[in-house]
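The following report considers side-chain interactions, burial and strand pairing in one protein model, with the criteria stated where each term is introduced.

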Amino acid sequence: MYFLLTCLFLAHTTLGALVGYATQNGGTTGGSGGTTTTVTAAAAFTSAVKETLQGDAKKTVYLKGAISLSSQASVGSNTSIIGVGNNATINGGGLKISKVSNVIVQNLIIDKVVGNDGITVTTSTNVWVDHNEFYSDLTHGVDYYDGQLDINHAADFVTISNNIFRDHYKSSLVGGSADNGAEGAGHFRLTYVGNHWSNVHTRTPALRFSHTHIYNNLYSNVISQGIHSRCDAQVFVEGNKFENSPEPLSTYGLVIPDDSPNTSPAGDLEADGYANLGAANDWGTGKINLTHTGTFTQAQIPYTYTILPVAQVSASVIANAGVGKI
């Protein structure tokens with residue numbers, strides 16, 4: 001048994017320490033040990049992060065200051081992308097992590113991405129997205145922006161840690177289609193830990209076909225629906241703190257109109273998901289809709305982790321999540 005309950009959140013004693021599923025399958029080291037480059041312009045950034053002429057050569061790219069992109073920048077394998085200071089920003093575009101492995105993204109502000117996700121992880125393994133801030137606005141309507149961080153097409157061994165997701169409609173979707181069950185089965189092993197969702201409508205995250213461990217996250221004003229397990233997803237949910245969130249957790253397959261506005265006004269019915277509850281969560285005044293318990297429990301988690309008691313989650317996440325803290 002790998003679980004350890006303590007009054008100290010040891011996973012945060014060394015900021016930037018990797019935890020969760022990205023520690024598996026050989027681990028995730030990004031560009032450690034390779035070349036380093038610091039960039040300040042969009043063209044230099046997109047060139048630096050892509051696959052090199054040497055193929056999968058290790059590389060770390062430091063972004064200094066703000067750049068604007070008109071589309072997603074493709075990221076090569078064995079790459080670390082790290083923002084410098086507390087104002088490294090990608091505006092308008094985002095990152096595409098597709099058919100690669102061993103990628104780290106840290107300390108970036110990614111805002112107001114139109115036409116794509118802030119980060120898309122697809123058909124990739126060993127990805128760590130840590131200490132970033134994602135935001136847009138709620139003035140343009142539900143479908144003006146896409147996801148802040150979406151994970152699709154059987155991506156695997158991914159950790160999403162210590163990020164801020166705010167001011168957005170549909171934040172983080174795992175599994176892009178209800179029709180991709182055969183492709184997704186046995187993949188989508190993910191960890192969400194230490195993140196702060198604030199003023200977000202849905203998908204914190206929403207999951208299809210996954211095995212996902214969601215722990216020690218803070219949810220402030222999740223307007224419509226929080227964690228949504230559907231299409232046979234298995235989630236293990238523990239030690240999370242919800243504030244002013246009417247439905248913190250649901251395993252009912254109905255995709256509510258605020259999540260899927262282009263379908264029936266009554267919503268779009270998919271298969272139910274599954275959830276198991278570990279260490280105590282604080283649902284606040286919200287009500288969970290747990291239609292099915294699942295088979296994914298503490299015993300199936302392959303990595304060592306430390307759980308913070310739920311009473312300490314708010315202060316810890318506020319202190320540790322976001323940029324300028326690695």
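Throughout this report, a residue is called buried when its relative accessible area is under 20%, exposed when that area is over 50%, and partly exposed in between, using a 1.4 Å probe and protein chains only. The model is predicted, so that local features need pLDDT of at least 70 and side-chain atom pairs count only at pLDDT 80 or more, whereas totals for chains, interfaces and linings use all residues. Residues are numbered from 1 along each chain as its sequence is written, and side-chain values use heavy atoms, with hydrogens and water left out. Helices (H or I, at least four residues) and strands (E, at least two) are DSSP runs, numbered from the N terminus.

**Salt bridges**

A salt bridge is defined here as a side-chain nitrogen of Lys or Arg within 4 Å of a carboxyl oxygen of Asp or Glu, and a search of the whole structure finds 9 of them. Three are listed below.

| Acidic residue | Basic residue | N to O distance |
|---|---|---|
| Asp143 | Lys170 | 2.6 Å |
| Asp167 | Arg166 | 2.6 Å |
| Glu270 | Arg208 | 2.7 Å |

In the salt bridge between Asp143 and Lys170, whose closest N and O atoms are 2.6 Å apart, distant parts of the chain are linked, with Asp143 in the loop between strand E13 (133-135) and strand E14 (149-152) and Lys170 in strand E16 (residues 164-170), 27 residues apart. Asp143 is partly exposed at a relative accessible area of 37%, while Lys170 is buried at 9%.

In the salt bridge between Arg166 and Asp167, Arg166 is partly exposed, with a relative accessible area of 25%, and Asp167 counts as buried at 19%. The charged end of Arg166 also sits over the ring of Tyr135, 4.1 Å from its centre, where the criterion is that NZ of Lys or CZ of Arg lies within 6 Å of the ring centre and within 35 degrees of the ring normal.

The side chains of Glu270 and Arg208 meet in a further salt bridge, and this pair spans 62 residues in sequence, from Arg208 in strand E20 (residues 206-208) to Glu270 in the loop between strand E28 (268-269) and strand E29 (274-277). Both partners are buried, Glu270 at 12% relative accessibility and Arg208 at 6%. Through shared partners, salt bridges join Arg203, Arg208, Arg230, Asp259 and Glu270 into one network.

**Strand E23 and its neighbours**

Arg230, a member of that network, lies in strand E23 (residues 227-230), both faces of which are covered: Ile227 and Ser229 on one side, and His228 and Arg230 on the other, are all buried. Two strands are taken to pair if DSSP finds at least two bridges between them; by this criterion E20 and E23 pair in the parallel sense over 3 bridges, with Leu207 opposite Ser229. E23 is also joined by 2 bridges to strand E26 (residues 249-250), again running parallel, and there the bridge partner of Ile227 is Leu249.

**Aromatic pairs**

Rings of Phe, Tyr and Trp (its six-membered ring) pair if their centres lie within 6.5 Å, and planes under 30 degrees apart count as stacked, over 60 as edge-to-face and the rest as tilted. The whole structure contains 11 aromatic pairs. Tyr192 and Trp197 form one that is tilted, at 6.0 Å centre to centre and 35° between the planes, and Tyr192 and Trp197 are each buried at 0% relative accessible area. The rings of Trp197 and Tyr219 have centres 5.1 Å apart and planes at 5°, so this pair is stacked. Since Trp197 lies in strand E19 (residues 196-202) and Tyr219 in strand E22 (residues 218-222), the pair ties together parts that are 22 residues apart in sequence; Tyr219 is likewise buried, at 0%. Ring pairs link Phe134, Phe165, Tyr192, Trp197, Tyr219, Phe242 and Trp283 into a cluster.

**His213**

His213 lies in strand E21 (residues 211-215) and counts as buried at 0% relative accessibility. With contact meaning heavy atoms within 4.5 Å, and not counting residues up to four places away in sequence, His213 touches Leu190, Thr191, Tyr192, Phe236, Glu238, Phe296, Ile301, Tyr303 and Tyr305. A polar contact of 2.7 Å joins the side chains of His213 and Tyr303, the term denoting a pair of N or O atoms within 3.5 Å of which, within protein, one must be able to donate a hydrogen and the other to accept it, with residues adjacent in sequence counted only if both atoms are side-chain atoms.
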